[in-house]
Amino acid sequence: MGHVRDLPPSAEEIPEKYKGEKWAQLGVNVEANFEPIYVVPKDKKKIVKELKDALKAADELVLATDEDREGESISWHLLQLLKPKIPTKRMVFHEITQEAIQSALNNCRDLDEQLVHAQETRRILDRLYGYTLSPLLWKKIARGLSAGRVQSVAVRLLVSRERERRAFRQGDYWDLKALLEKDKTNFDAKLTTVDGVKVATGSDFDETTGKIAQGRNVVLLDEAQAMALKERLTDKPWTVSKIEERPSTRKPAPPFTTSTLQQEANRKLRLSARQTMQVAQGLYERGFITYMRTDSVHLSEQAIEAARTCVEEKYGKNYLSPKPRQYTTKSKGAQEAHEAIRPAGNRFRTPQETDLGGNDLKLYDLIWKRTVACQMADSRQTNIAVELKVENAGFRSSGKRIDFPGFLRAYVEGSDDPDAALENQEVLLPRLKEGDHPNCQELEAISHETQPPARFTEASLVKTLESEGVGRPSTYASVIGTIIDRGYVQLKGNALTPTFTAFAVTNLLEKHFPDLVDIGFTARMENTLDDIAAGEASWLPYLQKFYSGEAGLDTQVREQESQIEAKVARTIELEKLGGEADGILYRVCIGKFGPYIEAENGDEVITASIPQDLTPADLTPELVQELLLQKTEGPEKLGLHPETGEPILMLIGPYGPYVQLGEESEENKKPKRVSLPKGVEKDSVTLDMAVGLLSLPRLLGVHPDTGAKVKAAIGRFGPYVVHDQGKEGKDYRSIKAPDDVLAITLERALEMLAQPKVGRGGRRSATPLRELGAHPEDSEPVNVYNGPYGLYVKHGKTNASIPKEVTVEDVTLEKALEWLAAKASSGSKTRKKSTKSSGTSKKSSRTTKRSTSRKKTTPES
């Protein structure tokens, strides 16, 4: 249920008696020791009433919320609201199993008021940060923007990386690669030296110049030199000059924390941090895993024994670590933690024993493997380096032999198939000794380009935030979700790409409030919250200094506001773009309807909108010129339509390039427009292709089974074929390469339509295990399916579980109708009850007087 009380989420939620106060919009009385206004959110009033009613018949109250700051806060708020007159206990637990709950009930404790103070300080601080800075962003840049203590630092990290990428200068270099053979075994070797001098590689280049960095004594080969060297070395004898073997061991990674689980799920399963936490929450609530918000890598003795039992049963004793491994948490904030994330219970169910499916199964499998692997033996391997000479050139070949896979047999970080990963990790070389003369089968010159720093993924951003001590892992999912939802970031593939808005906001905060987006400053704030939780610091002096001191937030904002010019704040300078060219000054600005290009030529100012999906990463000088030319000289004309004689135009719109039939005018207010298919470059579009695109949707013919039309077209998610049966519905299939929307035939479309539908993300639509027949009321099919929670019957949008003791063969249409009717009836009652109780309470929300402890929380601003 989350928090039952919080700061007012909007002005209308502020109690009437406070609405006249100048601090009321903050929800915190900054003039009276930062006294918060607490209200019960509308969606929590029902549960609070139910709890109060239940309390009347109880003889004991047990507070069983999570054992972190937020959980402790929820318990404190419940006490304030319920005002129990019966004995009250605080129980804590880390997994939902019978043993864990019974143990927790037998070992209750008092409410931890220091944790409560720390959470309340964090919540008030975040509210002051967000509600003080955000209005400034509205005035100076655009409405709807927000600032946040962790959010703004995360955005700054992404913007800083993008600046590095834009400032990056590419370097080019060449080297040689040889395919050698010894005893009928082939192996590769790379050029490393010429005349004893190291050959340049990507690490030798200066990213700001694209040239070899100063002080590097290396040979930089260009194409001509590489080709000449290749010709000179061809057919010359090769000699093994040195062999070095170095044994090494690898220890398994610790079990998962919140942060490392988010990172691995992003790398292996392509789940966002938010998706990972949603799936993990469900697994925890259903008793499959322990608590999923933790900074700790510690395992209980019970967990270690369960993991070691799994190792012995599945892999054998020789794969077991000689002694139980216990991991310790290094982060200071671990006092908030529980155990590491692991399978629940004193016996770990294997993934195959869970009956889970989809992402539930994938994430549980990941957690099971990581936990079991941490109690396995080290991996032992031998790294082999072979140096070879041919004329004045030195080559190097590297190999790796896995002598004992150890924990890698169960879990390889970053790979979802340990067996395949083991094979990929081995690089086997033939038996070689010094003085051997392997044969050169092939020698080729290879061109390389240095690459800019990689953009952050969710995994690498989470890793950086945690390593810098910014925020807490439990907040990262909501922070990343917020910066995507607010338009600061676009997710392109797996990369987080900052938008123009992110650049403008980061520029303003860096220039006028550098401390507030400084990683070190933000990390120190987190440490202070830890000190408050540990009773080593006082919350009130800290809040006073942060907000009201000489260098406090309120003072900074009042002093800086008059110095910030809105036009300047909305203007973005981008590397490789800004400046003056041909007497024209180019700028990127944030406007009411999004970003736009502004070109100033003397007294004349020309503006052109930037497509909505375009980010600074995509904006090149060439594209700027194109957008401005389209605005000043009109769109490019590809030619005339052969049938209508109307001009066909190529334009760039809010969502990218498209072709248009005819000019827009009073008589032709909505000319036909078709977006270019994904992967088709604007410059490659011919008149014939444009005519074909404008002919969409294409009628391919009729379906032989239904007589309904089958068409090909382009939609929001790309090209597709559709079987249009009118009132009976439409059946779609995406068109993927090498099929072409302009050339696909009816026969090929029918083949695609005959295949099971694949949803977004690659998930195939469920195929029924049995078709029971038609429903007597509407003749719609009633089928049996297998889902992540077992067998069920489906009719229309209604699903009803099949009792576990019933097999697929035992299901009849009559039984299915009974289950569906019961489910429909249950759903109807639930909806009516919800509607009946949805009225808002007339009783006004109450504030609380400061007692020895207070607490409240919401997501970060």
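Select Tyr785 and Tyr792 to begin the tour: both residues are buried, a word that stands for a relative accessible area under 20%, whereas exposed stands for over 50% and partly exposed for values in between (1.4 Å probe, protein chains only). The structure is a predicted model, in which local features need pLDDT of at least 70 and side-chain atom pairs count only at pLDDT 80 or more, while totals for chains, interfaces and linings use all residues. Residues are numbered from 1 along each chain as its sequence is written, and side-chain values use heavy atoms, with hydrogens and water left out.

**Aromatic rings**

Across the whole structure, a search finds 10 aromatic pairs. Rings of Phe, Tyr and Trp (its six-membered ring) pair if their centres lie within 6.5 Å; planes under 30 degrees apart count as stacked, over 60 as edge-to-face and the rest as tilted.

Select Tyr173 and Phe205 next. They form a tilted pair, with 5.6 Å from centre to centre and 35 degrees between the planes. This pair links distant parts of the chain, 32 residues apart: Tyr173 belongs to strand β5 (residues 172-182), and Phe205 to the loop between β7 and α6 (223-233). Helices (H or I, at least four residues) and strands (E, at least two) are DSSP runs, numbered from the N terminus. Both Tyr173 and Phe205 are buried. Returning to Tyr785 and Tyr792, one finds a stacked pair, at 5.6 Å centre to centre with 20 degrees between the planes.

Tyr315, Tyr319 and Phe404 may be selected together, as they form one aromatic cluster. Lys314 lies over the face of Tyr315, at 6.0 Å from the ring centre. Arg127 lies over the face of Tyr131, at 3.9 Å from the ring centre. A charge is said to sit over a ring if NZ of Lys or CZ of Arg is within 6 Å of the ring centre and within 35 degrees of the ring normal.

**The nonpolar cores**

Which residues have the most contacts inside the largest nonpolar core? They are Ile141, Ile289, Leu363 and Leu619, in a core of 136 residues. Helix α4 (residues 113-140) gives the most to this core, with 10 residues. A second, separate core of 25 residues includes Trp238, Val240, Ala393 and Leu443. A nonpolar core is a set of buried Ala, Val, Leu, Ile, Met, Phe, Trp, Tyr and Cys residues joined through side-chain atoms within 4.5 Å. In soluble globular proteins, nonpolar side chains tend to be buried together.

Centre the view on Ile141. Leaving aside residues up to four places away in sequence, Ile141 touches Ala504, Val505, Leu508, Ala569, Arg570 and Ile590; contact here means heavy atoms within 4.5 Å.

**A tyrosine in helix α16**

Select Tyr547, which is found in helix α16 (residues 539-548). Is Tyr547 buried or exposed? Tyr547 is buried, with a relative accessible area of 7%. The C-alpha atoms of Tyr547 and Leu128 are separated by 7.6 Å, although these residues are 419 residues apart along the chain. Not counting residues up to four places away in sequence, the residues that Tyr547 touches include Leu26, Val30, Phe34, Leu128 and Thr132.

**A hairpin**

Select residues 594-609 to display strand β17 (residues 594-601) and strand β18 (residues 604-609), which pair in the antiparallel sense over six bridges. Two strands pair if DSSP finds at least two bridges between them. Ile597 has Ala608 in β18 as its bridge partner. Two residues lie between the strands of this hairpin, and Gly602 takes a positive phi near 65 degrees.

**Backbone exceptions**

Most residues other than glycine have a negative phi, and most peptide bonds are trans. Select Asn33, in the loop between β1 (28-29) and β2 (35-36). Asn33 has a positive phi of about 55 degrees although it is not a glycine, and Asn33 is partly exposed, with a relative accessible area of 42%. Asp195, in the loop between β6 (185-194) and β7 (197-198), also has a positive phi, near 55 degrees. Asp195 is exposed, with a relative accessible area of 58%.

Two cis peptide bonds complete the tour. The bond from Leu696 to Pro697 is cis, with omega near 0 degrees; Pro697 is found in the loop between α20 (687-694) and β23 (698-702). The bond from Ala737 to Pro738 is cis, with omega near 10 degrees, and Pro738 is found in the loop between β26 (730-734) and α21 (746-754).
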